[in-house]
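Let's take a walk through this one together, chain by chain. Have the 3D view open and turn it as you read.

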Amino acid sequence: MTEQGPVLELDGISASYGSVQALDDVSLVAHAGEVIGLVGDNGAGKSTLIKIISGVQSPDSGRVVVDGEERHWRSPHDAMQAGIETLYQDSSLAPHLSIGSNIFLGREIRRGGLLGRLGFLDQRSMERKALEELENVGVTVPLSRRTVSQLSGGQRQAVAIGRAVLWSQHVIVLDEPTNHLGARQSQEVLHVIRRARERGLCVIFVSHTLPHVIEVTDRIVVLRLGRVVRDAPTSQYTVESLLATITGLVAAPGS
Amino acid sequence: MSDAGGMPRVRPREDRVPWARRVRATIANQQFVLFVVLVALLVFFGSQNSRFFTTAEFTNLIIDFCGLILLAVAETYVIISGGIDLSVGSTVAISGVVGAFAMETLASHHVGEVAILLVGTVVCAGIGGAVGVLNAVLITKANLVPFVATLVTLSAGAGMALVFSRGADVGSNPAAISWSATGAWIFTWESMIVIAITIVLSLVLHFTAYGRYNFAIGSNAFAARVAGIDVRRHVASVYVVAGVLAGLTGMFFYIRLGAGAPTSGIGDELNAIAAVVIGGVSLVGGVGVMTGTILGAMILTVVTDGLIFINIQPTWNQVVVGAIIALAVVLQSLRPGRQGASA
C-alpha cells in the first residue's frame, strides 16, 4: 500500500428506476484497511449502491474513482479487474462445482504448453492452491474437491468470502454475509473480515444485523431514502442510536 | 482422494459405516450401474439370438449409436448449461435436405465424389449452425425460455424440410452409400469420425475452461456472471454448437441413405434427451458426465436393435425406453450426495 489517498471514492452518485429515485447525490470515501458499515432500511438504496460499486449497474450521474482513477464499469468484470470483489446476498458460488473450481471460477489456471493454449485446465493446481489460499485468509474447509452443495451454510459463506478476500486488490463488498448464520458461524465471518482489514483491504459491510456492524466496522454510513444521513466513526454509535438514525426516529429518552 | 492426507478430520466419519457406505457409493456411481446394465443387455440379447454377436451386427449397432450420439452430446452441453434444445431432430432433417440439394447440384456439374461429400458436410454443418444461431438469438436476445425458443425452431425446421423436399427424399448418391459401408473392423469411416468428435467434445466439457463455464452457468448463472463469465455469449455458443452437431448428424444420415430425407432425425431430440437423462445429467443444469450420456446412448441403441433380434415388435421400443428412463431416474434419487446436500 504505497498510496495514502482513498481506494474508493463515490462522488455525487444518483440513480433512479423510472420515477423512483433510488440514490440521490451519494458520496463516500473509503480507505485501505478500513471496514465500513453500510446500513439502511429496505429501500434505502443499499442494493443500488452495491450494484454501482460492483459494476452491475451504472449510475445516472456521479463519479466512481478507484485508486485515484475515474472508472466507468460496463460489466462486473471491469470492476473485478479494478480490484473490487463483491459478495452478493444470493450466493456467488456455483453449488455443483467443487470448492476449488469455485475459488478459481473465471480465473482458471490452465495447463502449460499446447493443451493450456487449447483451454485445458490444471485442476490439481487449482484444488491445492484453493485450500492453501483459503487457509491464508482464515477459512478452513474440508477437501476442496467437495462440491459447494455439500458444505454447511456457514462453510459456504466462508468460502465465498474467502474467495472475495483472495482476489480483491482494493475493495470487498459484502452484502449481508452473516444472514441466516448461527452465532458461531457469524463470528467466523467477522473473523475473516478482520483478516481482510489486516491485509490492507477496504471492506464495505452491508448488513441488517446491527450488533455485527458495530462489532466489526471502523465507520458506519447510514442511508435513508437514497441519501447519506450520517457518516461517522463506529465509536459514535450505539445499536439504539444507529437504529434511530436508520428509521429516522429519535430514540426515546431513557429507553 | 490422494490429496486428502492434509485434512484427516473428514475421514473418520466416512469410515464409520464402510460397508453400507460402499454399497451406496457403488449404487450411486451411475456410470458403473449403467455399464453393468449395458453388459447385461448385450449378454441377454446375445443369449437369445446367436446372430447378435457378429461383426455385422456390431457394425450396425455402432452406426445406430453414431446417429444418436452427436445429438445426445449436443443435448448434454445444452442441458448442463441449464437449457434444453428441442430442435436438434428437425435440424437433422432440414440440414440433410438442404445439404442434399447442394450435393445434387455439384454432382450435376460432375464434381468429384470426395469434394461433394466434403462440401455437403460443410453445408449441413452450416445449416445446423444457422438454426443454432436462430435459437441463440431467440434465447439470448429475445429472452425466450429455451423450451419455447427451440420449440419454434423444432416446428419451423421440420416444416421447412418438408416444404423444400416436397415430402420426398432429395437426391440419389449410391457412391455415398457404398463409402458408408467401408471402414475397419466394426467401425465404418463415418462412425469413426463421429466417435472422434464425441471424444473431443467430452474432453472439452470436462477439462477445459469452456466446459467449466458450461457447468458454472447451469449451476448458478448469477455466480458465473459475477465471476466475469460472459454468460450470454457462452449460452449462445452452446446452441450454435448443438446446431452444428445436428447438422453433422444430417450429413451422417445422408451418407447412410444416399439421400436427404425430410423425415431423418424427426423426433430424435427425445431419444437424445432420453440418453442424457439415463446418463445422469440433471435437467435443471449444472450436473452431468459425458460418459453417462455415452452409456445412455449405447443402452438405448442396444435395446432398440436387440428387441428386433428377440422378435419383439419395434412398437414396444418406446415402452421399454420409458421403463429404462424411469429406472435411471429412481436410481439417481438414491444418490447419497443429494441427501448430503440437504443435510
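For a chain of 343 residues, a compact globule would come out with a radius of gyration near 20 Å, and chain B has 21 Å, so the two agree. Keep in mind that this is a predicted model. Measured out along the principal axes, the C-alpha atoms of chain B fill a box of roughly 75 × 55 × 35 Å. As for what's inside, 46% of the 343 residues of chain B count as buried. Then look at how the chain folds back on itself: among contacts in chain B with a separation of 6 or more, 78% are between residues 24 or more positions apart. The secondary structure of chain B comes to 16 helices and 2 strands.

Now swing round to where the chains meet. Here 27 residues of chain B are in contact with 27 residues of chain A. Which elements give two or more residues to chain B's side? They are α10 (209-219), α11 (221-226) and α16 (336-342) of chain B. Of these, α10(B) gives the most, with 6 residues. Sorted by class, the side of chain B that touches chain A has 16 nonpolar residues, along with 7 polar and 4 charged ones.

Cross over to chain A and you'll find an open sheet. Its 6 strands run in the order β6-β7-β8-β3-β9-β10 (chain A), with mixed pairing. At the edges stand β6 (84-87) and β10 (227-233) of chain A; each has a single partner strand, so one side of each is left without a neighbour in the sheet. Going from one strand to the next, the twist averages 15 degrees.

Start at the β6 edge if you want to see the pairing up close. Strands in a sheet pair through backbone hydrogen bonds, in either a parallel or an antiparallel way. β6(A) and strand β7 (residues 171-175) of chain A take the parallel option, over 4 bridges. A handy place to look is A:Ile84, which stands opposite A:Val171 in β7(A).

Finally, the helices that pack on this sheet. Helix α7 (residues 183-198) of chain A touches β3 (35-40), β7 and β8 (202-206) of chain A, and its direction makes about 150 degrees with that of β8(A). Helix α9 (residues 239-247) of chain A also packs on the sheet, touching β3, β9 (219-224) and β10 of chain A. The direction of α9(A) makes about 30 degrees with that of β9(A).

Note on methods: Residues are numbered from 1 along each chain as its sequence is written. Chains are lettered from A and ligands numbered from 1 in the order in which they are written. This is a predicted model: local features need pLDDT of at least 70, side-chain atom pairs count only at pLDDT 80 or more; totals for chains, interfaces and linings use all residues. Two residues are in contact if their C-beta atoms, placed from the backbone, lie within 7 Å. Ala, Val, Leu, Ile, Met, Phe, Trp, Tyr, Cys and Pro count as nonpolar, Asp, Glu, Lys and Arg as charged, and the others, Gly among them, as polar. Two strands pair if DSSP finds at least two bridges between them. Axes are lines fitted to C-alpha atoms, for helices over the stretch in contact, and angles run from 0 to 180 degrees between N-to-C directions. The radius of gyration is taken over C-alpha atoms; the globule rule is 2.2 Å times the number of residues to the power 0.38. A residue is buried if 20 or more other C-beta atoms lie within 10 Å of its own, exposed if 12 or fewer, and partly exposed in between; C-beta atoms are placed from the backbone.
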